[in-house]
Amino acid sequence: MKERMTRRTFLKVAGALTAAVAFPVSRVEVALGQTPGQKFTFAYISDSHITQIKGTQFVRNFDNGLKKAVLEVNFMDPKPDFVIFGGDLAQLGKGEEFEHGLEMMKDLALPIKWVIGEHDYYLDLGKYWQEKMAPLYYSFDHKGVHFVVLNSILTDDDWTNKRWSTPEERMLQMARLDNPDGSPFMVKEEQRAWLKKDLAKIKLETPIIVLSHSPLYKIFKPWNFWTDDAEQVQAILKPYKNVKILHGHVHQVLYNQIGNLTFNAFMATAWPWPYVTTYSQLPNKMPALTVPMNRADPFKERDGTGWGHFELPIGIVHHYELWENPARTVRKTPDMKQPEDTQYQSPEKRISPQKHY
Ligand SMILES: [Fe+2]
Ligand SMILES: [Fe+2]
């Protein structure tokens with residue numbers, strides 16, 4: 001307890017922290033610029049992948065990641081208004097995994113906004129999620145910001161409903177990262193129509209934060225770091241002046257700018273994924289503006305995890321506080337055209353990509 005209080009005080013005073021004390025949580029700070037009193041914070045926890053071994057046995061490392069995130073959020077100062085869970089609470093969508101994950105999340109003394117991930121969906125197609133967590137897509141307003149939650153991990157009905165002999169088989173196929181029998185994610189027509197309708201009542205200047213599990217742009221198809229109808233979703237968001245899209249799924253620090261849309265990915269509490277540019281699989285359509293970040297080390301248990309905070313609408317300042325990597329700040333370039341990791345721009349501070357994959 002004493003150690004946590006010391007750390008919290010340090011954070012408050014210094015506004016920065018060492019990698020050694022960072023937790024796998026993202027803190028998102030929303031400052032509505034010229035509007036005093038409208039600044040608020042929300043926390044972001046994602047990709048816990050709670051995994052049942054058998055009975056009451058679960059993978060301890062993943063449990064620990066989520067538990068630490070929950071503890072950290074409870075000690076945040078200022079206290080966040082709510083917590084967003086970015087998806088993949090469970091590994092194989094089992095009731096036992098959800099229950100165990102919810103048990104840990106219950107320790108949060110805060111409201112939770114849920115975003116569904118593919119690991120939560122493809123066993124029962126969102127049944128448990130809708131009963132116990134939240135609708136699969138919805139929107140809400142908070143202190144002048146319009147939040148939209150999308151279910152971005154849908155796919156073709158044929159693939160979902162007809163191809164597999166059991167729901168477990170379908171879940172296993174979709175849970176694999178590099179699977180030619182998988183299927184690309186989509187938001188799909190019904191939700192795109194809903195999104196259009198939902199945003200029709202929003203002024204073009206209103207800050208909008210879109211929360212999805214998969215990135216709403218196309219990074220790397222073989223790993224499903226990809227949403228197949230991303231361009232159509234982007235087109236719906238395009239008229240709005242201040243749109244940030246926050247997502248999980250990629251388990252890494254990642255940011256991008258496409259037109260007026262700023263994208264930020266968050267770290268997982270379970271494990272990091274390496275950067276896909278080091279792989280030779282095709283097709284790989286990395287958007288031109290994506291800046292590859294320092295690689296996470298998969299051999300360190302907590303590498304590539306951390307937390308950060310995020311400001312808007314004056315550009316974007318997102319502090320990624322990584323656990324076993326150097327902390328970094330991503331901010332808009334002076335011309336406001338794209339996010340830039342100022343630390344990463346210095347070549348001597350980069351960690352060379354690993355070669356053994
Ligand atoms: Fe995940
Ligand atoms: Fe995922």
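The paragraphs below lead through a predicted model, going from a central strand to a sheet, then to the metal site, a loop contact and the salt bridges.

A convenient place to begin is strand β5, which is covered on both of its faces, since F82 and I84 on one side and V83 and F85 on the other are all buried. On one flank, β5 pairs in the parallel sense with strand β2, residues 40-45, over 4 bridges, and within this pairing A43 is found opposite V83. Strand β6, residues 112-114, also runs parallel to β5, the two being joined by 3 bridges, and here V83 has I112 of β6 standing opposite. V83 therefore has a named partner in β2 as well as in β6, while its own side chain belongs to the face of β5 that V83 shares with F85. The connection from β5 to β6 involves helix α3, residues 95-105, and the three elements together make a β-α-β unit of right-handed sense.

Further along the chain there is an open sheet of 6 strands with mixed pairing, and its order reads β7-β8-β9-β10-β12-β11. At its edges lie β7 and β11, the latter spanning residues 254-258, and each of these pairs on one side only. Leaving direction aside, neighbouring strands in this sheet are turned against each other by 20° on average. Within the sheet, β10 (residues 243-247) and β12 (residues 261-265) run parallel and are joined by 5 bridges, with I245 and F263 as bridge partners. Two helices pack on this sheet, and they can be followed in turn. Helix α8, residues 188-200, touches β7, β8 and β9 (208-212), and its direction makes about 170° with that of β8. Helix α9, residues 230-237, touches β9, β10, β11 and β12, and in its case the angle is about 125°, taken against the direction of β12.

The sheet leads on to the metal site, because H213 lies in the loop between β9 and α9 while H249 lies in the loop between β10 and β11, so that this pair ties together parts that are 36 residues apart in sequence. Both histidines are donors to the iron ion (ligand 2), H213 through NE2 and H249 through ND1. The other protein donors of this ion are an OD atom of D88 and two OE entries from E118, and the whole set lies 2.1 to 2.6 Å from the metal. Written along the sequence, the donor residues follow the spacing D-x29-E-x94-H-x35-H. D88 has a further role in the geometry, as it bridges the iron ion (ligand 2) and the iron ion (ligand 1), which lie 3.4 Å apart. Are the two histidines buried or exposed? H213 has a relative accessible area of 0% and is buried, and H249, with 4%, is buried too.

A loop contact can be described around L177, which is placed in the loop between α7 (167-175) and α8. Leaving out residues up to four places away in sequence, L177 touches P222, W223, F225 and W273. F225 is 48 residues from L177 along the chain, yet the C-alpha atoms of the two are separated by 9.4 Å.

Over the whole structure, a search finds 9 salt bridges, and a few of them show how the charged side chains are placed. The side chains of D81 and K143 meet at 2.8 Å, N to O, and this pair links distant parts of the chain, as D81 sits in the loop between α2 (60-74) and β5 whereas K143 sits in the loop between β7 (138-142) and β8 (145-149), 62 residues apart. D81 counts as partly exposed at 22% relative accessibility, and K143 likewise counts as partly exposed, at 37%. In another salt bridge, between E103 and K106, the closest N and O atoms are 3.5 Å apart; E103 is partly exposed at 46%, and K106 counts as exposed at 59%. Finally, K201 and D198 meet in a salt bridge at 3.1 Å, N to O, where K201 is exposed with a relative accessible area of 59% but D198 counts as buried at 5%. Elsewhere, salt bridges that share partners join E189, R192 and D229 into one network.

Key
Residues are numbered from 1 along each chain as its sequence is written. Chains are lettered from A and ligands numbered from 1 in the order in which they are written. This is a predicted model: local features need pLDDT of at least 70, side-chain atom pairs count only at pLDDT 80 or more; totals for chains, interfaces and linings use all residues. Side-chain values use heavy atoms; hydrogens and water are left out. A salt bridge is a side-chain nitrogen of Lys or Arg within 4 Å of a carboxyl oxygen of Asp or Glu. Buried means under 20% relative accessible area, exposed over 50%, partly exposed in between (1.4 Å probe, protein chains only). Two strands pair if DSSP finds at least two bridges between them. A crossover is right-handed if, with the strands pointing away from the viewer, the path from the first strand over the helix to the second runs clockwise. Axes are lines fitted to C-alpha atoms, for helices over the stretch in contact, and angles run from 0 to 180 degrees between N-to-C directions. Contact means heavy atoms within 4.5 Å. Donors are N, O and S atoms within 2.8 Å of the metal (3.2 Å for Na, K and Ca); water is not among the atoms, so sites may look incomplete.
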